[in-house]
Amino acid sequence: MALRIGELLLKERRITPEQLQEALLYQKAHGIKLGSALVKLGYVRDDDITGLLSRQYGVPSINLAQFEIDPAIIKLVTPETAQKYQIVPLSRVGATLTIAMADPTNVFAMDDLKFMTGYNIEPVVAAESAVHEAIERSYGGSRSEPSALDVASKALDEMPGVLDADVEVLDELDEISVDALARQGEEAPVIRLVNVLLMSAISKGASDIHIEPYEKEYRIRFRIDGVLYNIMSPSLKFRDAIASRIKIMSKLDIAEKRLPQDGRIKIRYNDQGRSKELDFRVSVLPTLFGEKIVLRLLDRDKLMLDMTGLGFEPGPLERFEAAIQKPWGMVLVTGPTGSGKTNTLYSSISRLNKADTNIMTAEDPVEFNLPGINQVQIRENIGLTFAASLRAFLRQDPNIILVGEIRDFETAEIAVKAALTGHLVLSTLHTNDAPGTISRLMNMGIEPFLVSSSVNLICAQRLVRRVCPLCRQPHPSPPAALTKIGFSPEEAHAVVPYRGAGCERCNGTGYKGRVGLFEVMEVTDGIRELILVGASGLELRRRAVEEGMISLRASGLQKIRDGVTTIEEVLRETVM
């Protein structure tokens with residue numbers, strides 16, 4: 001804009017050609033802008049340039065020295081971005097962010113800001129010196145909290161070897177039938193935004209990405225250690241383009257916006273100099289204001305196949321390993337969605353995976369490919385159900401069968417018969433605790449004598465967040481409070497719980513990673529007798545505890561004793 005300002009000032013006879021020439025030489029010698037050179041030489045005032053630009057480009061002017069800037073608005077733009085473009089965010093109304101800048105013709109700055117913040121940008125012009133002072137005053141030389149997309153971009157830039165070009169979508173569609181949607185999904189800013197999103201999720205250790213359209217907001221959240229966090233709010237205009245891009249990557253029908261769709265994205269990227277592949281399971285669901293998309297990150301490197309690292313106490317782990325080593329019978333893992341059941345089952349079959357063993361699995365969906373194991377993807381729309389797969393498995397000479405989930409009587413009946421005819425069957429159910437699983441099977445229609453004969457062991461589990469090891473510190477609690485959650489009076493005076501203070505590694509949450517709580521109920525002769533006489537879940541629990549079962553709450557209390565998790569996490573996931 002340098003010469004343009006000079007021409008405008010000449011045109012309005014604010015300066016002479018000689019003064020302009022002198023200012024240009026001064027600018028070159030000192031490496032500053034022409035406007036600053038003219039001000040420093042005393043030929044014009046800051047207000048003269050501001051007023052000129054305001055009239056010429058129809059942009060309002062502002063006196064920044066008299067404007068109080070909200071710290072919450074300042075946080076929308078990082079100090080680096082403010083310094084780079086010499087801008088100051090002033091206010092936000094709805095989806096519009098007003099910024100003060102010395103150069104209202106800098107469209108590149110406005111485009112970048114729009115992309116970074118997701119807001120429409122409304123410029124006002126201010127004196128260059130005032131902008132500089134406002135940046136110093138507002139950011140104070142300290143690092144403000146960056147905007148979400150800035151964080152994602154920085155995370156991408158800082159990952160060694162990871163650039164936009166390094167994210168390679170494997171098996172992407174060659175042709176897209178709907179030209180307009182395809183063009184939207186292939187625009188460079190959208191490709192970069194989606195790449196930044198995926199790489200940021202990987203770098204932050206997220207398990208899921210939620211992309212959610214609402215009437216006046218477009219929200220993106222990451223699930224990290226089981227808890228959802230707001231990450232960014234792009235402009236609503238990106239809604240269809242982002243959806244189209246993700247559909248293209250996951251080989252879905254980009255023209256279909258009325259029905260749910262499921263797909264998979266496989267990407268390859270450089271991770272500290274080595275090539276790494278990672279899968280995203282994609283679910284697209286039509287909602288009132290557009291398509292909600294959830295991507296589940298499937299990182300095989302984070303799949304914990306060593307059972308000793310899952311969080312089992314020594315006694316329960318010994319009983320669990322003994323049960324899966326038996327030649328026949330059923331081992332059931334129960335718990336709600338997202339409680340780590342799949343990881344426990346994969347750990348089990350990895351322990352049993354040998355050259356002389358035929359292992360077959362029926363899963364919906366197959367989350368990880370395990371070498372040496374025959375995995376079948378359930379497809380109910382073509383009749384390939386869990387029950388149909390189980391029937392086929394029994395003709396395939398299996399030693400071990402893994403059924404992703406027992407959902408109905410037919411699947412349960414075949415699984416029980418397989419367990420009684422010399423096969424080891426591993427599966428999951430959605431029940432709240434281990435004893436309740438017995439009642440669930442009988443409610444499905446399985447006879448008590450079949451349940452008591454086939455089931456070897458039931459493991460109920462939950463996941464709780466680990467205290468961050470870098471910032472963990474003692475957090476003593478009153479003995480009365482500890483007694484109330486299950487500690488004995490003697491323990492309550494001795495136990496010292498821990499809590500994370502919050503640090504850079506754990507993003508200020510105080511938690512890093514998760515660990516399992518396990519309730520392992522072995523079906524002993526005493527429990528078999530109770531099952532045969534139709535005992536309630538409460539009676540089964542009482543007997544199991546007498547025989548040494550550690551409940552979910554007791555497992556949580558042990559993790560508190562060990563300083564692994566917090567009281568709040570145990571209370572959130574367990575009951576007395």
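**Aromatic residues and their surroundings**

In this predicted model, F238 makes contact with F115, V190 and Y218, leaving aside residues up to four places away in sequence. F238 is located in the loop that joins strand 7 (227–232) to helix 12 (239–249). Its relative accessibility is 10%, and F238 therefore counts as buried, the limit for that class being under 20%. P189 lies 49 residues from F238 along the chain, and the C-alpha atoms of the two are separated by 9.6 Å. The ring of F238 also has a charge above it: the charged end of K237 sits over the ring, 5.5 Å from its centre.

Aromatic rings also pair with one another, and the count comes to three aromatic pairs. One of them joins F312 and F320, whose ring centres are 5.3 Å apart; the pair is tilted because the planes stand at 40 degrees, a value that is neither under 30 nor over 60 degrees. F320 has a relative accessible area of 0% and is therefore buried; F312, at 9% relative accessibility, counts as buried too.

F312 forms a further aromatic pair with F518, and this one is stacked, with 3.8 Å from centre to centre and 15 degrees between the planes. F312 lies in the loop between strand 10 (290–298) and helix 13 (314–324), whereas F518 belongs to strand 19 (residues 511–522), so the pair ties together parts that are 206 residues apart in sequence. Both F312 and F518 are buried. Through ring pairs, F312, F320 and F518 are linked into a cluster.

A charge over a ring is also found at Y498, where the charged end of R472 sits over the ring, 3.9 Å from its centre.

Methods
Residues numbered from 1 in each chain as written. Predicted model: local features only at pLDDT ≥ 70, side-chain atom pairs only at ≥ 80, totals over all residues. Heavy atoms only, no water. Helix = DSSP H or I, 4+ residues; strand = E, 2+ residues; numbered from the N terminus. Buried < 20%, exposed > 50% of the residue type's maximum accessible area, 1.4 Å probe, protein only. Contact = heavy atoms within 4.5 Å. Phe/Tyr/Trp six-rings, centres within 6.5 Å; stacked < 30°, edge-to-face > 60°. Lys NZ or Arg CZ within 6 Å of the ring centre and 35° of its normal.
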